[in-house]
Amino acid sequence: MPTPIPGFLLPRGPPSALTLRALQRQSARRSFTSTSAALKKASKSNTNANSKPRVLAKPDRFRPPSHPQRLTTPSPKNAPPGQPFEYGPRTTEKERVQQSKTQYPGMFPPEGTVMFKFLTSKWIHIWIAMSVLISCAGFTFTTNFKATSPFAHLLPSWSSLLTSPVGTISQVFSVWRMHVEHNSMRVREQRHRRVEDAEKRKQYRVAHGLEEAEPEKKNEDSKEVDLQSPVAAAAVEGAEGKEFVDWEGNKRPVKKWLGIW
């Protein structure tokens, strides 16, 4: 005989909606598992029966796909490297050649033109820069020489350079030599003046007992020559002009080319 169910285990009323839904889900799961198992068994039986793979029929002609696998919209991001992005249709090679030869206002001249070669030539720029620098240096030197030298009035005019260039250049060199000799003599006089002032101060200190007098040694036959001034030393040696003293104090013979020292 079946065992009776105790009264406290029996539901007091009809089942609720949640209970009915839970029961339906359980029944659906059981039916799904049973059907999936049946399908697996059927597929296994079919594979065992037909072991050959499926082969698609060869198409009669090539049919391209209606759209690529990934749609790529042309944009500056996916543009080819080293080439500007073109928003319109792609330019052809003929159009590019035509654009390279076209002169646009306010832009650099195209390649192959005379203006392009002039603006991109390195030697032309070097020649222009050096000529400007040399002309500025020459102008500054001549202006300074005319303003400071007492022999500036002896310089020849620029027009004589076209008529007699050799004589004009030799005269310019002679004026420059006179200017150098004048500056050397002036510096020599200033140096002697300073030496005399020092000697006078020394005599004053000796006269007032601040220093002891030193025995003087003089050679009357020898001449006083300032060896620190090459121009003065050369002038004292003689007016022959066969030798001169350079800035290092060495005697060297005078060399002349075409009568110019």
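These are my notebook entries on one predicted protein model.

**Entry 1: overall make-up**

I started with the secondary structure. The protein chain holds seven helices and two strands. Along the sequence, the order reads α-α-α-α-α-α-α-β-β, so I have the two strands down as following the helices, by that pattern and the DSSP runs behind it.

Next I looked up burial and surface for the whole protein chain. Of its 261 residues, 8% are buried. I noted an accessible surface of about 24,500 Å². Carbon and sulfur atoms account for 60% of that surface. I also looked at contacts between residues at least 6 apart in sequence, and 25% of these join residues at least 24 apart.

**Entry 2: helix H6**

I checked the length of helix H6, which covers residues 165-207. Its 43 residues should span 63 Å at 1.5 Å a residue, and the C-alpha atoms at its ends are 63 Å apart, so the two values agree.

Which residues of H6 are buried? I list Thr 168, Val 175, His 179, Ser 184 and Arg 188. Just after H6 I found Gly 209, with a positive phi of about 75 degrees.

**Entry 3: Met 178**

I stayed in helix H6 for Met 178. Its relative accessibility is 33%, and Met 178 therefore counts as partly exposed, since that class lies between 20% and 50%. What does Met 178 touch, leaving out residues up to four places away in sequence? I found Phe 151 and Leu 154. For the pair Met 178 and Phe 151, I noted a separation of 27 residues in sequence and a C-alpha to C-alpha distance of 7.6 Å.

**Entry 4: salt bridges**

How many salt bridges does the structure hold? I have two on record. As background, side chains of opposite charge can pair when their charged atoms come close.

One salt bridge joins Glu 181 to Arg 177, with the closest N and O atoms 3.5 Å apart. Both residues sit in helix H6, four residues apart, which is about one turn of the helix. I looked up their exposure as well. Glu 181 has a relative accessible area of 33% and is partly exposed. Arg 177, at 38% relative accessibility, is also partly exposed.

Another salt bridge joins Arg 63 to Asp 60, and here the closest N and O atoms are 3.0 Å apart. Arg 63 is partly exposed, its relative accessible area being 48%. Asp 60 is at 66% relative accessibility, so I put Asp 60 down as exposed, the cut-off being over 50%.

**Entry 5: Thr 163**

I then turned to Thr 163, in helix H5, residues 160-163. Is Thr 163 buried or exposed? At 65% relative accessibility, Thr 163 counts as exposed. The Thr 163 side chain reaches the backbone oxygen of Ser 160 at a distance of 3.1 Å.

**Entry 6: nonpolar surface patch**

Last, I looked up a nonpolar patch on the surface, with an area of about 760 Å². I list its residues as Phe 108, Met 115, Phe 118, Leu 119, Ile 124, Trp 127, Ile 128 and Val 132. Which elements give two or more residues to the nonpolar patch? I noted helix H3, residues 114-120, and helix H4, residues 122-148. H4 gives the largest share, four residues. Phe 108 I placed in the loop between helix H2, residues 93-100, and H3.

Notes:
Residues numbered from 1 in each chain as written. Predicted model: local features only at pLDDT ≥ 70, side-chain atom pairs only at ≥ 80, totals over all residues. Heavy atoms only, no water. Patch = residues over 30% accessible without salt bridge, like charges linked within 9 Å, V, L, I, M, F, W, Y side chains within 5 Å. Areas by Shrake-Rupley, 256 points an atom, 1.4 Å probe, with all protein chains shown as cover. Salt bridge = Lys/Arg side-chain N within 4 Å of Asp/Glu carboxyl O. Expected span 1.5 Å × (residues − 1). Buried < 20%, exposed > 50% of the residue type's maximum accessible area, 1.4 Å probe, protein only. Polar contact = N/O pair within 3.5 Å; in protein donor to acceptor, adjacent residues only side chain to side chain. Contact = heavy atoms within 4.5 Å.
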